[in-house]
Amino acid sequence: MVENISRSIVRVQGLCKRVVSPEGELVLLDDLSLEISAGEAVAIVGVSGSGKSTLLGILAGLDVPSEGQVWLDGHDLFKLDEDGRAALRQSTVGFVFQSFQLLPNLTARENVMLPLELGGVENVEPQASEMLARVGLAERLHHYPKQLSGGEQQRVAIARAFVVKPKILFADEPTGNLDSATGEHVIELLFELNREQGATIVLVTHDDALARRCNRSLRIDAGRLVAAERSVAV
Amino acid sequence: MRHNIAASIRMSWRMLRRDWRAGELTVLSLALVIAVGSVTSVGFFTDRVRLALENQANTLLGADLVMISDQAIAESLRVDAENFLLESATSIEFPSMMITDERNQLVSIKAVESPYPLRGELRISQQRFAPDQVAAGIPESGSIWVDMQLLDLLGVNVNDMVKVGETDFKIAAILTNEPARASGQLFSLAPRVMLNLDDIASTGLITVVSRVRHRMMLAGEITAVANFRAMVEPRLQLGQRMEGIEEARPEVRSALERARRFLGLAAMISVLLAGVAVATSSQRFIRRHLDSCAVMRCVGGSQQQILSIFMFQMLWLGLIAGAVGCLLGFGAQFVLVGIIGSLADFALPPPSLLPILFGLLTGLVTQFGFALPPLLQLKNVPSLRVLRRDLGALPARSISTYGLGIVVLSALIVWQAGDLKLGLYVLGGLMVALLLLAGGALLLLKVLGAFRAHLFVEWRFGVTNLMRRPMSSVAQVIAFGLGIMVLLLFSVIRDDLLDEWGNSLPDDAPNRFLINIQPNQVESLSQFFSEQGLKVPTLYPMIRGRLVEIGGKAVQPENYENPRAQRLLERQFNLSWAAQMQTDNQLITGEWWAASESEGQFSVEEGLAKTLSIEVGDTLVFLIDEQRVTARVSNLRSVEWDSFRPNFFVIASPGVLESYSSSYMSGLYLPENEYIVLDKMVRQFPNITVIDIAAVMTQVRIIIERVTLAVEYVFLFTLIAGLLVMYAAIYSTLDERIRESVILRTLGAGRRRLLNGVVAEFVTLGALAGMVAATAASLLGYILAVHLFQLEYQFNGWVWLVGIIGGGAGIGVAGVLGTRKILNYPPLLALREV
């Protein structure tokens, strides 16, 4: 996988994000530029409030920057409108969140079916079942999120993220709500699927162990990229 | 992948099933089902009551529709009626003299054919003052049925033979009730002689009598009657007219009009409550779907796609819940009819399909009216909400959020009222009520907040809870307040307004009219009554005249478009004169004449004045005995037509009419056991005709009683809708409450303390709502009473006491029942959901 790093799937140029707060203007991201190659696994690390989640949001097209440009899979992200970005996400991006973000009214399988259904794919049940079996939840297809443990919920979320075969997976503190053993398990699964599908991973984390498993870590402090460290191995 | 409608429809259907299965739609659909159910049950029921009332009123007409003509009615019309599947029967009526060896008497002959009467019944008896029974059919050929007075007037008895024209007939029975007669001209009645239409030729009377009135009576399905009327009416010739229930007696018309208003009002309150319940539960549904929307956006759903998925989901829900609601409404009205049927002999015709349409439409427009604005906001939920939950919260509920719902509901209310004025009154009242509820709630919350520090700890906790969510608390006070307001209106309207209405027909209202009293009999008749130990009735002079000029201009029927105006000008009026205005009349404009005034003046009933465009100061010319009688209109007055006391359209000041030939009339109340007095009176004054209006009055009274009953039952449904609003309001805060209680329990608060906090909160909320609801209900009751029903209104202090105590207790219990789930909810489960 590492060898396959060829062209950049994410390219960021002069990214700024400022918000106006009662205390005055707040700079969340300050003139940030970076490049992520296809197939790479990148961790964004930093203390709370350093701007790493803001960066992830902008990279995924969930938020818009105040200045700067982001290219995602060759598309100038902010030249697209909101629906254009959604369509790009549909075809290109998978998500895993700290708080799982499963829809409480849908069963595990229906949650996995959702992105396919929204993409207009027909007959998606077998695909979703297969994906859940892949993450070890073949027996849990008809369970609702609240009937699942945290680790199981996160596995459903991973299945949902990978079922569309994304080119890039964004993960926001994917182990943040899990105990260390479960977190370990989930990470294992994430990288396994990543290997299988040859996707790029961009994850935000506090977890040094997790960061070390990535090809490199980008450290953010006060909205600035302060260091890029290459990990030893994946 | 671009947005695709068919895919959205499939997706919405799947989402609906998933949401339903997850229990997400229970309250919203329940709100819709109950809303549509209550609206349609009210719709079905009022529809049937309306049809029944119209039929009831039709018995006073003897048919659903009558065509009256001064010439024989063309046979082709009967064929037309058959084509419309209408039953028909013709009759002819004319005055004639009946002569026996000793006496002669002017009678009113009516020749009828089967199946007369089409509505109502003929009643006959075999002996004077004997109990009567329903006649089976009409007089057989060769026999006649006659009014009892005629027996006295002619000195004959049942089974005697008498001559009508050239033929001898046997008097087979005494005619005691004749439906069509009640709608005829009460004051022009000579005693009735009824015979079979087949016999009329043999009497030889038709050829010589100039004034014959032909009637064709029609009855059938209501729309067929209306269609037939619409077809025939434009082709009517001079001297022909149609009379439906709308043109029947004014007292029946006013009773029907009031019935419609009451029932319409009750239905409208249900519609309103439905809207509130739907709005409250839609809000919760949408609030709970914010995260779903963000996730869907995140995994690639476009704004348009997500919006259309939710829109279709709402549409399916609206249609399904609407259909279930219609079924519920249909079932509920059967129960309702069962209850009423057991209390009264009240056969209701089957309902029309209109209520289903109205129910479905109500469900859909209420749902979309209230759910659409927040639904439109859903598409703007930022996908970033998946990372930051604080983003994309729904903006505070405001007028603009509910604007569409309010507009839609207002339109529905006006449509349901079927009367712009009534609709606007109720809307105005509701608007004031809502403002009052909202303003009152805010004010009371502020006052409570100031005293918070002095409260017990649980109450402080409860009140703090209310203060912490001021907008939500105000919304709940409004919802509860509306519910309580309905309950109070239930008692205020029913007990005060209905009583007032019922009282407008006093027990001693006249049940007999005496007419054809000669001026020289006035004194001896008064003496007769005092000799019998009875109250001497007021005798009113009566004189017939035709109105020929208004304000110096000759008036012709064809000058007026209004058919009532045309009829009024075609026929003669009953005029009277008086020095004093009748006590139950009310002066509207102008002045009543003083005793000292010598100038002749007229006082005109306001309805007549409006119809004929007569104003104070106009000079009217009446043609009486071929002479022109001229006087100026000095005042307009209103008359209570349903009081049954003798009343006149036009009254002259003393000195104007006395020189013309007149007769006198009177209305008197006789208890059942004193009817024998009438027999004595008729023997002593054979020319006086006694008209039994007890039968007509009984019918009107029955209508009023049944309508009262119907209104109560209709309000029962409104009440259920009100309770649902309360439930929806409690349910809408359930998520937040569960979260809070879990945090509190995790921190060590006991169930008892939590329970006390909930009780304190809901009791306070209920009492606040009760207080403002009582104020709003009193004002609304006042507005309805004074401005709409023209009844007096007394503010009732109990309303406040009942409102506050009942509201506090009721909402307290409902609140604890509705939220007991939070006390038993396992904290871990709740924390996992948070």
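**Reasoning through a predicted model**

Me: Where is A:Thr92 placed?
Reply: In this predicted model, A:Thr92 belongs to helix α2 of chain A, which covers residues 82-92.

Me: Why is A:Thr92 called buried?
Reply: The relative accessible area of A:Thr92 is 3%. Buried means under 20%, so A:Thr92 is buried.

Me: Which residues is A:Thr92 in contact with, leaving aside neighbours within four places in sequence?
Reply: A:Thr92 contacts A:Asp73, A:Pro166, A:Lys167 and A:Ile168. A contact here requires heavy atoms within 4.5 Å.

Me: Why does A:Lys79 count as exposed?
Reply: Exposed means over 50% relative accessible area. A:Lys79 has 67% relative accessibility, so A:Lys79 counts as exposed. A:Lys79 sits in the loop between β5 and α2 of chain A. Its C-alpha is 9.0 Å from that of A:Gln69, and the two are 10 residues apart in sequence.

Me: What makes the sheet with strand order β2-β1-β4-β5 of chain A antiparallel, and what makes β2 and β5 its edge strands?
Reply: The four strands form an open sheet, and their pairing is antiparallel. The strands β2 (24-37) and β5 (75-76) of chain A each pair on one side only, and they are the edge strands.

Me: How do you know that β4 of chain A pairs with β5(A)?
Reply: Two bridges join strand β4 (residues 67-72) of chain A to β5(A). Strands pair if there are at least two bridges between them, so the requirement is met. The two strands run antiparallel, and A:Trp71 stands opposite A:Asp76 in β5(A).

Me: In which sense do β6(A) and β7 of chain A pair, parallel or antiparallel?
Reply: Strand β7 covers residues 168-172 of chain A, and its pairing with β6(A) is parallel, over four bridges. Across this pairing, A:Gly94 stands opposite A:Leu169 in β7(A).

Me: Which residues of strand β6 of chain A point one way and which the other way?
Reply: Strand β6 covers residues 93-96 of chain A; A:Val93 and A:Phe95 point one way, and A:Gly94 and A:Val96 point the other way. In a regular strand the side chains alternate between the two faces of the sheet. All four of these residues are buried.

Me: Why are α3(A) and α4(A) called oblique to each other?
Reply: The axes of helix α3 (residues 108-118) and helix α4 (residues 125-134) of chain A come within 9 Å and cross at roughly 120°. Angles of 65 to 115 degrees count as roughly perpendicular and those over 145 as roughly antiparallel. The crossing angle of roughly 120° fits neither range, so α3(A) and α4(A) are oblique. Their crossing is right-handed.

Me: Which residues meet where α3(A) and α4(A) are in contact?
Reply: From α3(A) come A:Ala108, A:Arg109, A:Val112, A:Met113 and A:Leu116. From α4(A) come A:Glu125, A:Gln127, A:Ala128, A:Ser129, A:Met131 and A:Leu132. The residues of this contact divide into seven nonpolar, two polar and two charged.

Me: What makes α3(A) mostly covered?
Reply: In α3(A), 11 of its 11 residues are buried. Among them are the charged residues A:Arg109, A:Glu110 and A:Glu117. After α3(A) comes A:Gly120, with a positive phi near 80°.

Me: What is notable in the phi of A:Ala222?
Reply: A:Ala222 has a phi near 50°, which is positive in a residue other than glycine. A:Ala222 lies in the loop between β9 (216-221) and β10 (224-230) of chain A.

Me: Why is A:Ala222 called exposed?
Reply: The relative accessible area of A:Ala222 is 53%. The cut-off for exposed is over 50%, so A:Ala222 is exposed.

Me: Why does B:Ser613 count as exposed?
Reply: B:Ser613 has 51% relative accessibility, and exposed means over 50%, so B:Ser613 counts as exposed. B:Ser613 is in the loop between α18 (606-611) and β18 (619-624) of chain B. Its phi is near 55°, a positive value in a residue other than glycine.

Me: Which residues does the cis peptide bond with omega of about 5° join?
Reply: That bond joins B:Ser114 and B:Pro115. B:Pro115 is in the loop between β3 (104-112) and β4 (123-125) of chain B. The peptide bond from B:Tyr116 to B:Pro117 is cis as well, with omega near -10°, and B:Pro117 lies in the loop between β3 and β4 of chain B.

Conventions. Residues numbered from 1 in each chain as written. Chains lettered and ligands numbered in written order. Predicted model: local features only at pLDDT ≥ 70, side-chain atom pairs only at ≥ 80, totals over all residues. Heavy atoms only, no water. Axes fitted to C-alpha atoms, helices over the stretch in contact; angles between N-to-C directions. Parallel < 35°, antiparallel > 145°, perpendicular 65-115°, else oblique. Left-handed = near helix turned anticlockwise from the far one by under 90°. Buried < 20%, exposed > 50% of the residue type's maximum accessible area, 1.4 Å probe, protein only.
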